[in-house]
Amino acid sequence: MCCERCPGATPERIGDFARRRMLKAAVFQPSPAGGPRDAGGAQRDAGGAAGTGGTAGGGRVRAGAGPAAGGAGGARGAADLAEQDGRQTPPAHLYRSVTGQVLDVSPHFVTIGFPGGERQQRFALTADATAWRGGPLEPAAVWPGDEAVIRLVPSRPGVADRIWANIGRVSGTILRADAESVVVSEGITKRERTVVIPRRAASRIQVRFPRLLPGYLIDVIGTRRGDVVEALAPATSQPPYRSDQARPQGRPGGLIPEAITGSAVWHDALDEPYGMLGVCYPAVDPAAGCAEDQAAGTGPGQAPAARALPYLAVGSALLVRNDCTGLAWTLPVTGCAPTARLFNDRCTACHPGDRCGACQASVRGRVADLTLASFVALGGELERGCFNATITIGR
Amino acid sequence: MLAALGDVQIPLVAAMLLGGCASKLFQVARRRSFDAALGPTVLFPIRLRRLATRVVCACELSFGFGLILTSGRLLQGWPAFLIRLGTGLMFVVATCALIEVRSVRPDVGCGCFGEFSVTPITGRTLARSALLAVAALATIRLPPIELPRTAGGAAALLGLFAAEVLVFVGLSPEMRELLVSIGYSQPCELRAISPEQTLAVLQRSAQWRRHRGQIADNRPVDVWRELCWRYLVFASRSGDRDALAVFAVYLQHRRPVVLSALVDSATGAVLPWPAAAPRRAGAWWPARPRGLPQPALPARRGTAMRARRAGAGANGAGPGGP
């Protein structure tokens with residue numbers, strides 16, 4: 001079964017992921033004496049130890065990885081997963097986000113319209129609401145016509161406290177470059193993106209990305225106009241190697257910790273369904289046939305696995321915790337994260353992965369590439385590009 | 001020779017107890033919490049697991065030191081008797097608990113040596129625990145240990161001790177994790193094993209042989225991997241209903257654990273495996289039925305084994321492989 005594209009979770013496939021969890025639960029759960037067990041019982045346990053609010057321990061990954069590998073919060077994790085499978089709505093204590101075109105804005109309200117133009121929604125703004133369009137500004141300064149991501153206050157679905165207007169991000173390998181723009185490939189499953197680097201931001205970007213040359217990596221955040229992104233700030237530092245020189249790490253030694261810390265980033269996928277929740281994981285089982293690996297001619301097991309991350313499948317449950325906000329949520333793996341892998345080290349001595357400094361310096365290396373909605377739900381600030389994260393493999 | 005064999009049991013059992021306690025405390029220190037469920041403690045309600053872990057650690061520590069302190073002429077008599085009896089009973093209880101854990105939670109390790117004991121419980125783990133119980137119970141009436149007076153006696157003692165240590169090392173799945181932790185071996189979570197290799201391993205396993213008759217197509221309809229397990233799903237039938245046969249294969253090269261279940265395609269309900277043709281009784285230890293009603297106890301052991309095999313169902317587990 002080949003599926004490991006990024007994005008890979010189509011609504012049709014979400015049913016497959018739920019079925020995998022159910023089958024896994026069936027294998028690991030003992031049957032109650034006296035007869036077969038209903039699927040609901042199996043699915044109730046599927047969250048297992050990956051419940052919301054898990055802690056960053058330094059323990060060992062449970063090799064068993066059974067669906068109910070113990071621990072408080074299992075029911076919560078299962079409930080979260082069920083929610084993802086169905087309504088695609090974050091739990092009440094997490095942020096929700098809506099994306100649409102700004103139709104009207106005032107200091108107290110913002111009205112956005114959704115694709116198709118038939119539906120619109122009005123949100124009240126909190127007194128301390130802020131906005132971003134290339135830089136911080138008052139919400140009233142957002143223009144009608146801007147494409148906005150609006151963050152809603154937890155448990156108050158009609159109230160917004162943050163607006164990002166026209167925000168875009170490009171992260172990938174430079175294909176072509178000239179004096180003012182670069183064309184970037186974000187992977188073979190995505191369209192090429194054009195990045196324009198304005199004069200006012202050029203020096204800031206070139207400090208972190210000195211080699212704007214074909215073959216080198218770039219990761220910038222800016223304002224989006226159609227398919228073109230005007231880069232305004234670097235999202236990380238440039239690795240010193242070309243992307244085609246990336247190679248697998250040497251054989252790692254030592255036990256794999258149960259909770260892995262690093263940097264979680266978001267991706268701006270134009271082709272991704274609106275509001276999709278999930279995480280692209282840099283170490284999807286190479287034997288599963290990731291489209292990126294196949295295109296690169298990488299053999300099974302030869303894909304650069306990004307640090308020592310344990311192999312998972314599309315559909316696996318991953319507890320992602322924002323260490324800056326303390327918010328955590330069990331998300332399904334929706335695809336491989338080819339760009340995150342490239343940004344992770346090929347050589348720990350020369351570039352040991354990028355580091356996120358959202359609240360404090362994180363451990364180096366990207367461990368999760370979240371969808372925009374998931375990133376916002378966990379309290380991430382889109383213009384910062386990352387947050388310090390702890391991931392725990394869901395049971 | 002028998003006296004020498006008895007003499008080596010006490011230091012060996014004490015070392016196992018103190019090693020187990022130290023590794024558990026090391027894991028607790030790393031996590032800064034007793035919350036981690038270690039092996040049989042998963043049988044307890046969540047609120048009691050911390051207490052259970054503490055009790056197990058305390059028992060191991062006190063029995064370990066108690067065995068050493070009562071091994072000589074000091075504290076002989078009732079103290080030595082009680083310590084050794086307690087140790088033996090603890091290992092008997094531990095063996096029973098491991099059998100139960102293997103039945104209800106086949107994915108978890110025994111937790112005997114903390115984070116090194118994550119490999120699912122197999123017959124080797126049970127055999128080690130049972131041997132330790134026998135070793136501990138065999139020391140109950142042991143006279144005080146005295147140092148050998150001749151070089152030959154010392155060499156025989158050391159040889160016996162080394163041989164027994166080798167036996168326990170051979171029965172310990174923790175050795176693999178130890179090699180991983182020192183960087184000599186690759187952790188199974190990172191091991192690149194192709195689905196074809198996994199399929200070949202599965203097809204050599206006892207689980208596959210037992211359920212081969214129910215598999216409609218030898219090509220899996222879905223294969224995926226999570227951490228140390230690869231899951232293979234095959235089309236199957238159960239009566240007049242479409243079903244899915246699910247196998248979970250632990251990704252290790254030698255004698256991997258293979259678990260299986262039969263699931264209704266439409267409802268997702270776990271179904272009992274249809275009764276398989278009985279094998280000749282007495283050839284192997286009977287497969288333990290899991291979660292199914294126990295058959296009435298027949299008069300003859302062979303009949304009982306045949307009956308159990310026929311009833312082995314939904315969640316059979318055990319080492320497979322060649």
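In strand β3 of chain A, Arg122(A) is the bridge partner of Thr111(A). This pairing belongs to a predicted model, in which local features need pLDDT of at least 70 and side-chain atom pairs count only at pLDDT 80 or more, while totals for chains, interfaces and linings use all residues. Residues are numbered from 1 along each chain as its sequence is written, with chains lettered from A and ligands numbered from 1 in the order in which they are written. Helices (H or I, at least four residues) and strands (E, at least two) are DSSP runs, numbered from the N terminus.

Strand β3(A) covers residues 120-132 and pairs with β2(A) in the antiparallel sense over five bridges; two strands pair if DSSP finds at least two bridges between them. On the other pairing described here, β2(A) is joined to β1(A), residues 96-105, by four bridges, and these two strands also run antiparallel. They form a hairpin with three residues between them, and in this pairing Val102(A) stands opposite Ile112(A).

A friendly rule helps with the next detail: in a regular strand the side chains alternate between the two faces of the sheet. Strand β2(A), residues 109-113, shows such an alternation, with Val110(A) and Ile112(A) pointing to one face and buried. Phe109(A), Thr111(A) and Gly113(A) point to the other face and are not buried. Here a residue is buried if 20 or more other C-beta atoms lie within 10 Å of its own, exposed if 12 or fewer, and partly exposed in between, with C-beta atoms placed from the backbone.

Asp104(A) is found in strand β1 of chain A and counts as exposed because it has 12 C-beta neighbours inside 10 Å. Residues up to four places away in sequence aside, Asp104(A) touches Thr111(A) and Pro144(A), where contact means that the C-beta atoms, placed from the backbone, lie within 7 Å. Asp104(A) also sits 8.9 Å from Arg122(A), C-alpha to C-alpha, with their positions 18 residues apart in sequence.

Taken as a whole, chain A has seven helices and 17 strands. Of its 395 residues, 55% are buried. Among contacts in chain A with a separation of 6 or more, 71% come from residues 24 or more positions apart. Six of the strands form a closed barrel in the order β12-β16-β13-β15-β14-β17, with mixed pairing. Neighbouring strands of this sheet are turned by 45 degrees against each other on average, direction ignored. Within the barrel, β12(A), residues 259-266, and β16(A), residues 366-370, pair in the parallel sense over four bridges, and Trp266(A) has Leu370(A) as its bridge partner in β16(A).

Chain B comes to nine helices and six strands, and buried residues make up 43% of its 322 residues. Among its contacts between residues at least 6 apart in sequence, 61% join residues at least 24 apart.

Two helices of chain B, α3(B) with residues 78-104 and α4(B) with residues 123-138, have axes that come within 8 Å and cross at roughly 160 degrees. Axes are lines fitted to C-alpha atoms, for helices over the stretch in contact, and angles run from 0 to 180 degrees between N-to-C directions. The two helices are therefore roughly antiparallel to each other; angles under 35 degrees count as roughly parallel, over 145 as roughly antiparallel, 65 to 115 as roughly perpendicular and the rest as oblique. Residues in the contact include Phe91(B), Leu98(B) and Ile99(B) of α3(B), together with Leu126(B), Leu132(B) and Leu137(B) of α4(B). By class, eleven nonpolar, five polar and one charged residues make up the contact. In this scheme Ala, Val, Leu, Ile, Met, Phe, Trp, Tyr, Cys and Pro count as nonpolar, Asp, Glu, Lys and Arg as charged, and the others, Gly among them, as polar.

Elsewhere in chain B, Leu202(B) is found in helix α7(B), residues 195-203, and is buried, with 23 other C-beta atoms within 10 Å. Its contacts beyond four places in sequence are with Trp208(B), Leu232(B), Phe247(B), Val249(B) and Val258(B).

Most residues other than glycine have a negative phi. In chain A, however, Asn166(A) has a positive phi near 60 degrees, in the loop between β6(A) and β7(A). Leu227(B) likewise has a positive phi, near 55 degrees, and lies in the loop between β1(B) and β2(B).

Conventions: Contact = placed C-beta atoms within 7 Å.
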